[in-house]
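Open the structure in a viewer and keep a selection tool at hand. The stops below say what to select next and what is there.

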Amino acid sequence: MEEEREIGKRVISRVQYTKLSHAFSLVLSTILVILLFVPIPMIHLRALLYERGRLLLVLIAAGILSFPAGWWIYKRVWHCTFSYDEKSFEFRIGKSKVIRGRWKDYNKVSVARSSWYEFSIRLYKNDKEYVELPIGRVKLDPFEFRDEVERFMKRG
Amino acid sequence: MEGSALTSIEKELMLGGGRWIAEFNESFRDFRVRDVKFHLYVRGKLRGKGLFISRIISYLFTPDYLLGCFVYEAGENVKVSRKQLSRMMEAMSERMRKDELRFSWLIVLQDKVHEPLKNFVRRISRPDIGILLYERTSGELVHDRNLGIVMAKRVMNKLIKKWRRRGK
């Protein structure tokens, strides 16, 4: 869990352990599937299958390798960083997606819940057009944060 | 206390007993419709998403209606009149047309409710709008004869019990 404050700016960047475990299992299963299909000479395969110590060693090695690779994938795809102050906000999802804006550009705010019970804040420009900040991913209380956003909007 | 009553209704609708009625998935505070300001407006869908079998059952047997719930919280010792209630219902109808809502509920929280207003609400039987009046001083809940029953049963009665336990 990381939370830091720049001058007047709050930065929240918390690890999503579920997503991290997804990334880790993804890498681990990929390594194991690759190992399964690698043509290993019969003598080594026998050694692997019949000597539990070696099999365990391979699994541990795959597990150790999965940690940095899983972390790298998680950081690249899922990790969220939310920074905001009274005037503006920036929400980064992984390395590719960035949502940024100014509170005063929006006139209405709502709390939205997905069918997976993930909460987000919707900022409306008008009745149809809105931006969604998935603040559930940085573990902010959506109801309290909505009130804070309303205050920012009023101050303009 | 006032803010927390609204928050507890909001949470009960989105995360608690409200899920037995519909998938309430979005909520607004201080929602203005014409000259009426509702302190809370929660909207959602009748058809739930679910997982695998429940999703299939929901898709096959539940109509895809949109619905909403409006909450009005009167200030201390302010009594809502029948005329005000009718104005709220008109505003709701307008918003229902705009958001294409099939059903909606109006929950009014106030310290003391006039007896004629209670009788008026008890007689209402609209197919599209359910009305519930909650009297804060006595903890009494009055609702209409149609849609109000389900909201009272699934959401408000549970909340009233919670509030009584906390001594609100």
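Start in chain A with A:Glu90, which stands opposite A:Arg100 in strand E5(A). This is a predicted model, in which local features need pLDDT of at least 70 and side-chain atom pairs count only at pLDDT 80 or more, while totals for chains, interfaces and linings use all residues. Residues are numbered from 1 along each chain as its sequence is written, chains are lettered from A and ligands numbered from 1 in the order in which they are written, and side-chain values use heavy atoms, with hydrogens and water left out.

**The hairpin in chain A**

Select residues 88-93 and 97-102 of chain A: these are strands E4(A) and E5(A), antiparallel and joined by six bridges. Helices (H or I, at least four residues) and strands (E, at least two) are DSSP runs, numbered from the N terminus. Two strands count as paired if DSSP finds at least two bridges between them. Three residues lie between the strands of this hairpin, and A:Gly94 takes a positive phi near 60 degrees.

**The sheet across both chains**

Next, select A:Val111. On one side, A:Val111 stands opposite A:Ile121 in E7(A); A:Val111 also stands opposite B:Ser27 in E1(B). E6(A) and E7(A) run antiparallel and share six bridges. E6(A) also pairs with strand E1 (residues 23-33) of chain B, in the antiparallel sense over three bridges.

Now show the strands of the whole open sheet, nine of them with mixed pairing, in the order E8(A)-E7(A)-E6(A)-E1(B)-E2(B)-E3(B)-E4(B)-E5(B)-E6(B). Its edge strands, each paired on one side only, are E8 (130-133) of chain A and E6 (140-143) of chain B. Neighbouring strands are turned by 20 degrees against each other on average, direction ignored. Axes here are lines fitted to C-alpha atoms, for helices over the stretch in contact, and angles run from 0 to 180 degrees between N-to-C directions.

Add residues 115-123 of chain B, helix H4(B), which packs on the sheet and touches E4 (101-110), E5 (129-135) and E6 of chain B. Contact means heavy atoms within 4.5 Å. The direction of H4(B) makes about 45 degrees with that of E6(B). Then add residues 148-166, helix H5(B), which lies across E1, E3 (66-73), E4, E5 and E6 of chain B at about 20 degrees to E5(B).

**The interface**

Select the contact between the chains: 17 residues from chain A and 19 residues from chain B. Together the chains bury about 1,500 Å², 48% of it on carbon and sulfur atoms; buried area is the accessible area (1.4 Å probe) that two parts lose on being put together, summed over both.

Which charged pairs cross here? The interface holds five salt bridges, a salt bridge being a side-chain nitrogen of Lys or Arg within 4 Å of a carboxyl oxygen of Asp or Glu. One of them joins A:Arg122 and B:Glu26 (3.0 Å, N to O). On the chain A side, E6 (108-113), E7 (119-124) and helix H4 (142-155) each supply at least two residues. The largest share, six residues, comes from E6(A).

Finish at A:Arg113 and B:Glu23, a salt bridge with the closest N and O atoms 3.7 Å apart. A:Arg113 lies in E6 of chain A and B:Glu23 in E1 of chain B, so the pair joins two chains.
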